[in-house]
There are 2 protein chains.
Amino acid sequence: MSNDHTQPQTVAELGEFAVIDRLVAGRHQPPAVSLGPGDDAAVVATADGRVVISTDMLVAGRHFRLDWSTPHDVGRKAIAQNAADVEAMGASATAFVVALGAPAHTPASQLTQLADGLWDEARPLGAGIVGGDLVGSPALVVSVTVLGDLAGRAPITRGGARPGSVVAVCGDLGRSAAGYWLWHKDIGGFDALRRRHLVPEPPYGQGAVAADAGAEAMTDVSDGLVADLRHIADASQVGIELSTAALVADYEAVVDAAAASGGDPWAWVLAGGEDHALVATFPGAAPTGWRVIGKVFDGPARVLVDGQVWNGYAGWQSFG
Amino acid sequence: MSNDHTQPQTVAELGEFAVIDRLVAGRHQPPAVSLGPGDDAAVVATADGRVVISTDMLVAGRHFRLDWSTPHDVGRKAIAQNAADVEAMGASATAFVVALGAPAHTPASQLTQLADGLWDEARPLGAGIVGGDLVGSPALVVSVTVLGDLAGRAPITRGGARPGSVVAVCGDLGRSAAGYWLWHKDIGGFDALRRRHLVPEPPYGQGAVAADAGAEAMTDVSDGLVADLRHIADASQVGIELSTAALVADYEAVVDAAAASGGDPWAWVLAGGEDHALVATFPGAAPTGWRVIGKVFDGPARVLVDGQVWNGYAGWQSFG
């Protein structure tokens with residue numbers, strides 16, 4: 001750098017290693033991380049001799065838009081949706097690795113803001129970003145892998161639901177879908193809903209609570225309530241019946257936004273993904289903080305809403 | 001699909017879930033995997049209460065070209081370079097998760113071939129592909145995270161090299177760079193070198209051998225021998241001296257290809273990355289199968305070649 005007055009700005013100007021140094025500098029790893037970033041690999045303690053692992057990739061223009069989200073929002077969302085996957089097993093997140101693909105003209109500050117978002121979402125979970133990769137890519141790509149700790153519990157799969165059990169949810173439904181529609185239609189106000197689309201708020205800690213309360217089957221609502229319950233119905237070979245009467249609070253939270261924007265509030269509640277609520281079945285009572293929204297019944301795999309097959313929007317699919 | 005004569009071909013035609021079913025069908029997980037793909041997360045046993053983790057992202061047009069590599073080659077390369085990272089800690093790979101970003105027009109068969117390549121490289125290691133994600137993306141992106149098992153060993157970092165120790169390498173140098181040049185110049189013959197560029201052959205199992213033989217510092221050669229040894233020199237605050245006389249076998253393996261293509265054989269050997277050889281320092285003798293190529297000396301962090309600062313190509317950098 002011969003000219004001190006010119007501050008390097010893009011990742012291409014700074015180079016891979018200098019940008020990585022900026023992303024890693026000054027972060028504090030939690031105690032479970034015995035070796036953090038900077039070597040060929042990291043080392044993380046696994047207290048009960050097992051590790052939960054899941055991965056999710058976010059691509060600019062498809063899973064987020066940088067004219068809606070700040071890079072900080074994108075970082076928080078990437079951590080939240082991965083952490084929700086380990087919560088849905090009855091575990092809690094302990095560590096993340098993050099591979100970033102970025103166009104050469106990406107401002108380095110955008111990546112440091114994204115890393116700040118990653119850390120701001122991970123830190124309250126007691127988890128760290130323990131490693132990563134940074135490469136050139138035609139679009140910004142954020143690929144996160146999460147490690148989780150079951151603390152001795154059996155993992156709660158999608159396959160354990162049994163007839164007679166109740167279906168209960170923890171966390172919000174329909175808010176992210178409402179927020180997406182408001183952004184898409186460029187309708188102001190409803191700031192909390194618009195915000196929720198950019199940064200989901202999974203009910204952290206409640207996956208372990210559900211497991212300890214005897215949850216038989218669990219998943220997080222990433223594709224939409226009916227679509228995700230269908231995954232439980234298929235894996236468990238049971239029917240699931242939902243009651244809209246039990247979902248009125250979610251409906252009421254989005255009905256004004258629907259009226260202002262011409263959206264369908266029940267479609268948001270029943271089929272809107274990305275809120276990352278947890279939904280589980282319990283053979284007895286659901287734990288405090290969980291709302292009973294339906295029941296499991298015998299028979300072929302299907303999801304009924306108020307006794308009927310629901311013919312609304314089928315939930316998010318890639319390439320849809 | 002109303003028309004039985006038209007076989008769906010692209011990921012957009014088949015849809016995310018149907019493609020994932022094809023990628024996952026018929027795979028056999030190793031015993032350490034207590035829960036494989038198909039749920040919110042996987043669960044893997046960690047015998048010694050720790051897990052090694054690393055991640056690498058490959059992007060089409062940057063890290064591979066589908067007019068050079070088959071999708072199967074790309075899958076093998078993605079696993080190999082990640083497995084080499086855990087080998088470089090003195091560990092062995094136990095499990096992988098793979099996030100794929102693919103354009104909507106990608107033939108589904110391309111992704112099943114890629115998955116076959118992932119499995120064909122992972123299976124001999126005793127490791128499985130335990131989870132993944134599939135999303136839309138403007139270019140094919142393969143983001144792999146590897147888990148590794150130290151089997152009770154201390155991790156071998158880059159920071160433990162001490163003056164007086166020998167530097168030794170296991171695996172080949174310069175072959176991948178030679179192969180790249182031959183592909184780039186469209187020069188036929190030299191099939192083994194061309195092949196090696198598409199699918200590296202890390203010396204699997206030798207990371208643990210080195211650790212058990214007392215390796216103080218270790219890394220894999222991904223950016224180039226001098227560049228990667230510079231990482232050890234920096235982390236250990238030592239000087240490293242290489243002897244080209246000890247590298248003659250590598251030089252001889254590529255010199256004919258260099259003559260035929262106008263390449264620089266010493267640049268390939270000293271600065272060619274992607275062979276994923278292992279390089280380590282040992283206070284005593286190097287183990288069988290390792291070649292001594294230099295020594296560690298006191299003083300500021302630097303890498304000398306035959307006593308001189310080497311001013312060749314500085315090694316691979318993203319955004320370079």
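Start with both chains on screen: a rotation of 180 degrees with 0.0 Å of shift along its axis puts chain A onto chain B, at an RMSD of 0.0 Å. That superposition is a least-squares fit on the C-alpha atoms of residues with pLDDT of at least 70 in both copies. So what you have is the relation of a two-fold axis. To find the axis by eye, select A:Gly49: of the residues of chain A, A:Gly49 comes closest to it, with its C-alpha at 2.4 Å.

A bit of housekeeping: this is a predicted model, where local features need pLDDT of at least 70, side-chain atom pairs count only at pLDDT 80 or more, and totals for chains, interfaces and linings use all residues. Residues are numbered from 1 along each chain as its sequence is written, chains are lettered from A and ligands numbered from 1 in the order in which they are written, and side-chain values use heavy atoms, with hydrogens and water left out.

**Next stop: the interface**

Select the residues of each chain that touch the other one. You should get 64 residues of chain A in contact with 64 residues of chain B, where contact means heavy atoms within 4.5 Å. The copies meet through the same surface, because 100% of the interface residues of chain A are also interface residues in chain B.

How much area do chain A and chain B bury between them? About 4900 Å², with 64% of it on carbon and sulfur atoms; buried area here is the accessible area (1.4 Å probe) that two parts lose on being put together, summed over both.

Now turn on polar contacts (N or O atoms within 3.5 Å; within protein, one must be able to donate a hydrogen and the other to accept it, and residues adjacent in sequence count only if both atoms are side-chain atoms). Between chain A and chain B there are 23 residue pairs in polar contact, both residues at pLDDT 80 or more. Colour the chain A side by element, and several give two or more residues to it, including helix 2 (16-24), strand 5 (128-136) and strand 6 (141-149). Helices (H or I, at least four residues) and strands (E, at least two) are DSSP runs numbered from the N terminus. Strand 3 of chain A gives the most, with nine residues.

Salt bridges (a side-chain nitrogen of Lys or Arg within 4 Å of a carboxyl oxygen of Asp or Glu) are worth a look too. Four of them cross the interface of chain A and chain B. For one, zoom in on A:Arg158 and B:Asp39, whose closest N and O atoms are 3.8 Å apart.

**Strands that cross over**

Select strand 2 of chain A and strand 3 (residues 50-59) of chain B: they run antiparallel and are joined by four bridges. Two strands pair if DSSP finds at least two bridges between them. Click A:Ala42 and you'll find its bridge partner is B:Ile53; for A:Ala45, the partner is B:Arg50.

Strand 2 of chain A also pairs antiparallel with strand 1 (residues 33-35) of chain A, over two bridges. A:Leu35 has A:Val43 as its bridge partner there. This hairpin has six residues between the strands, and A:Gly38 takes a positive phi near 115 degrees.

**Last stop: chain B**

Show the open sheet of seven strands in chain B, in the order 8-10-7-11-9-12-13, with mixed pairing. Its edges are strand 8 (217-220) and strand 13 (308-309), each pairing on one side only. Inside chain B, strand 7 (residues 166-170) pairs antiparallel with strand 11 (residues 291-297) over four bridges.
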